Amino acid sequence: MTEHLYVGVITVVLPVMAPALGLTMAQVGLVVSIRSLVAGLSNIPSGLLADSAQKRNLILGLFLILIGLSSLLMSFAVGFWTLVLLMAVGAIGAGGFHPQSLAILSSAYRERRALALGVHDSSGNLGEVLAPLTIGTLLTYMDWRSVLQVWAVPGLAIGFFYALFCSETNASPVSRAGLKRSLWEGVFKNRTVLSMLLISVFRTMGQTALVTFLPLYLTLELKLPVGTMGIYISILFLFAGFAPSVSGWVSDRIGRFPLMVAGCALSTFSLLAVPYLSPGISLGLGCAAVGTMLWAIRPIVFAAAMEAAPPELAGSLVGFMFTGNMGLSFIAPILVGLVADGYGLATAVAFIGAFPFVACLIALSPLTRERSAI
């Protein structure tokens, strides 16, 4: 939950920072894309550490501290390049966090992996629900620099707490030599893992672009106050919070494939509908639908990938998947930013639907169905 609180920096604070720092829509997209790229590159070394380190709690705590520190430092940004540099500090923490957390859960809940990953996602999404409401409220009383300084506290405090008091009791690190031998066959050459990676990348491209440009669409296109925008974003993340736990529980019982295809297809239709919805109940329902469908897919895809790879490589697998997610999804905000500059924010939001549509086509491909046994 703490790690995902900092998505609020992008969804709520960035739309306020952008005009204050004189950023164009393309620059906003580039900032988010660079953050995604840096986070992606930090996943592989974090994944290797997750499979070989003795004290993963120390590593995970350090990454949380970096995220909080980044929020503090960003409050001193004076332009585009300083913002990029200071946001990259948090990107290292955000990228390194997931291989540690998912590897810890995967080793502890081998028989209920999708449910555990779904609850983990829901906990993260709870942070994404709290962030827009809290930050939106703070912005009505404080300037954005002060808000970023306040927002640094959870990452710093929880990071220190976890590092000091939350050691594992069942960690089984793999030798470095054995790890290198297993990675090539178990992950990099595994066709099921590669199929799940592609689905995950395009799903993440949709999510990354959405959390960047939906707030901009609500504030700049629909002219909604920041507080009202925060409510809609909280609705999005509220339903995104429940969805992974439910989808993980269901997929443990009926299989991965049906929910994967349905989630991708319905995400596409929901995103295409959003620009046609008027502020009020209809727009709130649209945000709820997008949050439910787009976020429900993630634990299913990760569970399918983990079941296809050796269990001792859970951390490296997560690092590989998140490197692909963040390292390739950085393209999405750039593309959507260019569409927004050229055709408007409403068209840009609809264009985001192309990403889950491609993920749906990959899930329907014969290779995915044949290899993944889902």
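**Empty spaces and a long-running helix, α9**

The largest pocket holds about 350 Å³ of space. This value, like those that follow, is computed from a predicted model. Fifteen residues line the largest pocket, and those nearest its centre are Met1, Phe97, Ser101, His120 and Tyr162. Several helices contribute to this lining: α1 (2-5), α4 (56-74), α5 (80-108), α6 (113-141) and α7 (144-165) each provide at least two residues. The largest share belongs to α5, which gives four residues. In chemical class, the lining of the largest pocket comprises eight nonpolar, six polar and one charged residues.

Attention may now turn to the cavities. Rolling a probe the size of a water molecule over the atoms shows where empty space is left. Four cavities of 30 Å³ or more are found in the whole structure. The second largest cavity contains about 90 Å³ of space, and its lining includes Tyr6, Arg35, Ile67, Met87 and Ala91. Two or more residues of that lining come from each of α2 (7-21), α4 and α5, with α4 supplying the largest share, four residues. Seven nonpolar, three polar and one charged residues make up the lining of the second largest cavity.

Helix α9 (residues 191-221) may be considered next. Its 31 residues, at 1.5 Å a residue, should span 45 Å, and the end C-alpha atoms lie 43 Å apart, which agrees. Within α9 there is nevertheless a kink of about 30°, centred on Leu210. The helix is mostly covered, with 25 of its 31 residues buried. Just after α9, Lys223 adopts a positive phi of about 60°.

Note on methods
Residues are numbered from 1 along each chain as its sequence is written. This is a predicted model: local features need pLDDT of at least 70, side-chain atom pairs count only at pLDDT 80 or more; totals for chains, interfaces and linings use all residues. Side-chain values use heavy atoms; hydrogens and water are left out. On a 1 Å grid over the protein atoms alone, a cavity is a set of points where a 1.4 Å probe fits but cannot get out, and a pocket is an open set with protein on both sides within 12 Å along at least five of seven lines; lining residues have an atom within 4 Å of a point. Grid points are joined across faces, edges and corners, and a volume is the space filled by probe spheres set on the points. Ala, Val, Leu, Ile, Met, Phe, Trp, Tyr, Cys and Pro count as nonpolar, Asp, Glu, Lys and Arg as charged, and the others, Gly among them, as polar. The expected span of a helix is 1.5 Å times one less than its number of residues. The bend at a residue is the angle between axes fitted to the seven residues ending there and the seven starting there. Buried means under 20% relative accessible area, exposed over 50%, partly exposed in between (1.4 Å probe, protein chains only).
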